[in-house]
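Me: I have just opened this structure and would like a friendly tour. Could you take my questions one at a time?

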Amino acid sequence: MQIYKIITKPIRYILSYLYHGECVFCADETELWHYICDDCKNKISEKEYTAITPNGFLCLSAFEYREQFKNSVLRFKFGGHREYSRTYASIVFDKYRDRLEHFNPDFITSVPLSEKSFKKRGYNQAELLAKDIAFFCKKPYNKVLSKIRDNEIQHDLNKELRKQNVKNVYEVISGTEISGKRIIICDDIITTGWTLNECAESLKAAGADDVLCITAAKTPLPH
Ligand SMILES: [Zn+2]
């Protein structure tokens, strides 16, 4: 049974790309080879969704976390739709190609999950996105951060608690090359930016030259 799973997993993964005829956002049918319907494509448009983390790290996002885009991210995170990362990454790359080339990263990394969360979910959605960003940028993906303890889910906390909640949760993995590197770090969603901020600060403390953040979605600012 185990062998069957190992053999069929990559085949199923490839087939999900080849025969994808569904918009990753609204789940409407699309033409073969198309992952986004025209309607959703128009809604994403050329608009840039940028944010600045509390300590001033720039974050570039593919789209806003609302309506069908929010549902898509939820399916990506909790519904096993790992393949969505390729579409999200291609939107980021198309939208910010000049900025990414100008930043010229040495490698791409991701916000880590705790071991417990990883075992529960079976994958780290931020890592999937980071690996696909790396694919489009033609740069390596390096795992350089680990989450050393479990904390509360940021979503459930207010602004002040979110800051405290991520303090000293992330650690640079010993033996990884950080000094003087230009690093892109990816996560699924940016809200207050404290998580990415904490990770970026850890990388800077380990000697990183500069850090740029990328997420699939950006939570819209409250009106
Ligand atoms: Zn659509």
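**A walk from one leucine outwards**

Reply: Happy to; let us start with Leu 203, which is found in helix H8. Please keep in mind that this is a predicted model.

Me: Is Leu 203 buried or exposed?
Reply: The way to decide is to count the C-beta atoms around the residue, and 20 or more others within 10 Å make it buried. Leu 203 has 23 other C-beta atoms within 10 Å, so it counts as buried.

Me: Which residues is Leu 203 in contact with, leaving aside its neighbours within four places in sequence?
Reply: One partner is Ile 178, 25 residues apart from Leu 203 along the chain, with 6.9 Å separating their C-alpha atoms. With sequence neighbours within four places left aside, the contacts of Leu 203 are Val 172, Ile 178, Ile 183, Ala 208 and Val 211.

Me: What does Ser 202 touch, not counting residues up to four places away in sequence?
Reply: Ser 202 is also found in helix H8. It is buried, because 20 other C-beta atoms lie within 10 Å. Its C-alpha atom is separated by 6.8 Å from that of Val 172, although the two residues are 30 apart along the chain. Not counting residues up to four places away, Ser 202 touches Leu 145, Tyr 170, Glu 171 and Val 172.

Me: How many residues of H8 are buried?
Reply: Helix H8 covers residues 194-205, and its 16 Å reach from first to last C-alpha is close to the 16 Å expected. Its buried residues include Trp 194, Cys 199 and Ala 200, along with Ser 202 and Leu 203. The helix is largely enclosed by the rest of the structure, because the buried count is nine of the twelve residues.

Me: What covers the buried residues of H8?
Reply: Several elements share this job, and one of them is a helix, H7 (159-165). The cover also includes strands S2 (58-64), S4 (145-147), S5 (170-172), S6 (182-190) and S7 (210-218).

Me: Which residue just after H8 takes a positive phi?
Reply: Look just past the end of the helix, where the backbone takes a phi of about 105 degrees. The residue there is Gly 207.

Me: How many bridges join S6 to S7?
Reply: These two strands run parallel, and one of the pairs across them is Ile 184 with Leu 212 in S7. The chain gets from S6 to S7 by way of H8, in a right-handed β-α-β crossover. The number of bridges joining S6 to S7 is eight.

Me: How many bridges join S2 to S7, and how many residues of S7 are buried?
Reply: S2 and S7 run parallel and are joined by five bridges. Across this pair, Glu 64 stands opposite Lys 218 in S7. S7 is mostly covered, and its buried residues number eight of nine.

Me: Which residue in S6 is the bridge partner of Ser 110?
Reply: Ser 110 belongs to strand S3 (residues 107-110), where it points the other way from Phe 107 and Thr 109. Ile 108 points the way Ser 110 does, and all four residues are buried. S3 pairs with S6 in the parallel sense over four bridges. The partner of Ser 110 in S6 is Cys 186.

Me: On which residue is the kink in H4 centred?
Reply: A straight helix of 20 residues would span 28 Å, yet H4 (residues 84-103) spans only 25 Å between its end C-alpha atoms. The helix has a kink of about 85 degrees. That kink is centred on Tyr 96.

Me: What do the buried residues of H4 pack against?
Reply: Among the buried residues of H4 are Tyr 84, Val 92, Tyr 96 and Leu 100. They belong to the buried set that packs against S2, H3 (67-78), H6 (125-137) and S7.

Me: Which residue just after H4 has a positive phi?
Reply: Here the phi is about 50 degrees, just after the helix. The residue is Asn 104.

Me: Stepping back, what is the radius of gyration of the protein chain?
Reply: The chain holds eight helices and seven strands, and its C-alpha trace spans about 50 × 45 × 35 Å along the principal axes. Buried residues make up 36% of the 223 residues. A compact globule with 223 residues would have a radius of gyration near 17 Å, and the chain agrees, with 17 Å.

Notes
Residues are numbered from 1 along each chain as its sequence is written. This is a predicted model: local features need pLDDT of at least 70, side-chain atom pairs count only at pLDDT 80 or more; totals for chains, interfaces and linings use all residues. The radius of gyration is taken over C-alpha atoms; the globule rule is 2.2 Å times the number of residues to the power 0.38. The expected span of a helix is 1.5 Å times one less than its number of residues. Two residues are in contact if their C-beta atoms, placed from the backbone, lie within 7 Å. Two strands pair if DSSP finds at least two bridges between them. A crossover is right-handed if, with the strands pointing away from the viewer, the path from the first strand over the helix to the second runs clockwise. The bend at a residue is the angle between axes fitted to the seven residues ending there and the seven starting there.
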